[in-house]
Amino acid sequence: MVAEMTPTAEIAPDTHPAETEDAAPFAVPRRLITSDEWEQMIAHDVFPESERLELIHGGIVPMSPISANHVRCVNVLNRVVSRCVDDTLFVSIQNPIRLPDNSQPLPDLAVYREGTGNGVADAADVLLVVEVSHSSLAYDRRVKMPLYAAAGIAEAWIVDLAGQTVERYTEPRDGIYRLIARALPGDTLASVVLPAMQIEIAALLH
């Protein structure tokens, strides 16, 4: 059925009526990718190894380049956290974790139990994730943190290199973290899920 419209202005003969109307938002259909398909693509080297990509809600997202400060911070985190876990846990650096809703982010650091997966940790096994942010701060806060909270990951950190702040997110419920603690250089921040993990913030942000 075609609805009739009352014209509000004269239209020149060589002008298509649609061109005079306000442009309405148009949703372009997208073919999203499942986690299983994503793992098959990775296994078959569909993407160059040098290209850093993660799967977020079924879409492929390119990651920001890694700066020298970023590398140093991740190395410090790896050294400190590795000392605080026993042989029942893995400390994984910039490797994927498998979350619901066809997402496989690559946190800068993750601590998880071995589980029964195929090498990629499932959300139920992940205890802690850490994101080191510089240009990616807004993305980490608005996309990554809700993603981790919705997956039920008990604790997530953001190390904000530009803002010289570390944020600890805990108590996930209904897709958000209910408690956020912020620490500055000069402070020491402890993990909730790994009590032995206490980090001097200045060591991360130097």
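Modeller: Before we start on this predicted model, one cut-off: buried means under 20% relative accessible area, exposed means over 50%, and partly exposed lies in between.

Colleague: Thanks! Why is R98 called partly exposed?

Modeller: R98 has 23% relative accessibility. Partly exposed is the class between under 20% and over 50%, so that value puts the residue there.

Colleague: And what makes D36 and R98 a salt bridge?

Modeller: Their closest N and O atoms are 2.6 Å apart. The cut-off is within 4 Å, between a side-chain nitrogen of Lys or Arg and a carboxyl oxygen of Asp or Glu, so the pair qualifies. This pair links distant parts of the chain: D36 is in helix α1 and R98 in strand β4, 62 residues apart.

Colleague: Is D36 buried, exposed or partly exposed, and why?

Modeller: Partly exposed, because its relative accessible area is 48% and exposed needs over 50%.

Colleague: How do you know that E39 is buried?

Modeller: The relative accessible area of E39 is 18%, and buried means under 20%, so the label fits. E39 also forms a salt bridge with R98, at 2.7 Å from N to O.

Colleague: Which residues do shared partners join into one network?

Modeller: D36, E39 and R98, through their salt bridges.

Colleague: What makes E131 and K144 count as buried?

Modeller: E131 has a relative accessible area of 3% and K144 has 1% relative accessibility. The limit for buried is under 20%, so both carry that label. They form a salt bridge too, with the closest N and O atoms 2.8 Å apart.

Terms used. Residues are numbered from 1 along each chain as its sequence is written. This is a predicted model: local features need pLDDT of at least 70, side-chain atom pairs count only at pLDDT 80 or more; totals for chains, interfaces and linings use all residues. Side-chain values use heavy atoms; hydrogens and water are left out. Helices (H or I, at least four residues) and strands (E, at least two) are DSSP runs, numbered from the N terminus. Buried means under 20% relative accessible area, exposed over 50%, partly exposed in between (1.4 Å probe, protein chains only).
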